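Here is a short walk through one protein model. Keep the 3D view open as you read.

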Amino acid sequence: MDHGDEAVVERMATDGQDNEGAHDLRTIRSKSMSDRGGGYGRERGRDDRGRKSPRGEAMRGPRRPLSVVAGWVRRQPPKVKAFLAVVAGMAALAFIRFIVHDHDNLFVAAEAAHALGISVLIYKLTKEKTCAGLSLKSQDLTALFLAVRLYCSFVMEYDIHTLLDTATLVTTLWVIYMIRFKLKSSYMEDKDNFAIHYVVLPCALLAVLIHPSTSHNIVNRICWAFCVYLEAVSVLPQLRLMQNTKIVEPFTAHYVFALGVARFLSCAHWVLQVLDTRGRLLTALGYGWWPSMVLLSEIVQTFILADFCYYYVKSLVGGQLVLRLPSGVV
């Protein structure tokens, strides 16, 4: 081997040592980063495999009682949830009966809650300049049953409720005008896809079959029954729109929650009146299926909004400004 070959061999040996040193350095760096990553994971309450560790659970502190109860309720099967809802409703009625002596005040409170909800809606449309998240179809159904009920009030029993219905109808028509014309660009037409004929036609058919048995004209009695049935399901398009978007902004959530409170108080008013009169109120409404259908309509429209109100209160307690609905809520 000459001097040139020896130089080549020496350079190869030197390069090999450099490569081994670089490999060792990369190994040390990799191990160091892995150790730091593991330490970070352990600091975040996870073990080396990324699983939650008991130490991490303890570091987060105890969970709120409401969160524990909500988590337990979510894990229950549908039948248990329905039973719990009934028990909660009965407990609420018993509490209201204990603290409210004049149950007619419940109806006034229901009207006040509804008016508060409409006020929130007006603020949203005038100050925020958007109708995003509002269902035009739900407002159309509301205007329809209010118009029919207002007609029945004029021809059957003119009282203070006639004035209240007039004010509510005027504001509802104004909301419809704002959504259709002034704020049309922000209207979520593709999300507001509930077919309203699925509720209008069954309500009309049910009104023909089951209506009050009073001495009034048959047409007026059918119209009265129609507005009672339609009011119970008029909020369904709004719930469908919120289910499609999954995210409900604050003002819309406040408005729907106010409707839920109003309808619960109205339902409580009817139920407690029936209990106070020991069923005589039902016979005063007429005979046949009509008295039971009136009470059932009040209960249905309350339970339709019960699930949403639960998530609204949960979100409010958790300090979340935007309500996020899980799948299958409404």
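Start with residues 218–239, whose end C-alpha atoms lie 33 Å apart. This span is 91% helix and 0% strand. The model is a predicted one. Residues 218–239 also appear in the UniProt entry, which is unreviewed, under the annotation "transmembrane region". That annotation covers further stretches, including 251–272 and 292–313. Over residues 292–313 the chain is 100% helix and 0% strand. Here the end C-alpha atoms are 31 Å apart.

Now turn to a helix pair. Two packed helices are described by the angle between their axes and the distance between the axes. Helix α11 spans residues 250–276, and helix α13 spans residues 290–317. They pack at an angle of about 140°, with axes 8 Å apart. Their crossing is left-handed. On the α11 side, the contact residues include Phe 257, Arg 263, Phe 264 and Trp 270. On the α13 side, they include Glu 298, Leu 305, Phe 308 and Tyr 312. By class, this contact has 16 nonpolar, five polar and two charged residues.

Next, the interior. Which residues have the most contacts inside the largest nonpolar core? They are Tyr 229 and Leu 230, in a core of 49 residues. Helices α5, α6, α7, α8, α9, α10, α11 and α13 each supply at least two residues of this core. Another core, of five residues, lies apart from it. Among its members are Leu 106, Ala 110, Leu 265 and Leu 272.

Finally, look around Tyr 229. Leaving out residues up to four places away in sequence, Tyr 229 touches Cys 203, Leu 206, Ala 207, Ile 210, Trp 290, Met 293 and Ser 297.

Definitions and conventions
Residues numbered from 1 in each chain as written. Predicted model: local features only at pLDDT ≥ 70, side-chain atom pairs only at ≥ 80, totals over all residues. Heavy atoms only, no water. Axes fitted to C-alpha atoms, helices over the stretch in contact; angles between N-to-C directions. Helix = DSSP H or I, 4+ residues; strand = E, 2+ residues; numbered from the N terminus. Left-handed = near helix turned anticlockwise from the far one by under 90°. Contact = heavy atoms within 4.5 Å. Nonpolar A, V, L, I, M, F, W, Y, C, P; charged D, E, K, R; others polar. UniProt positions renumbered as here; feature names shortened; annotations may be inferred. Core = buried A, V, L, I, M, F, W, Y, C linked by side-chain atoms within 4.5 Å. Buried < 20%, exposed > 50% of the residue type's maximum accessible area, 1.4 Å probe, protein only.
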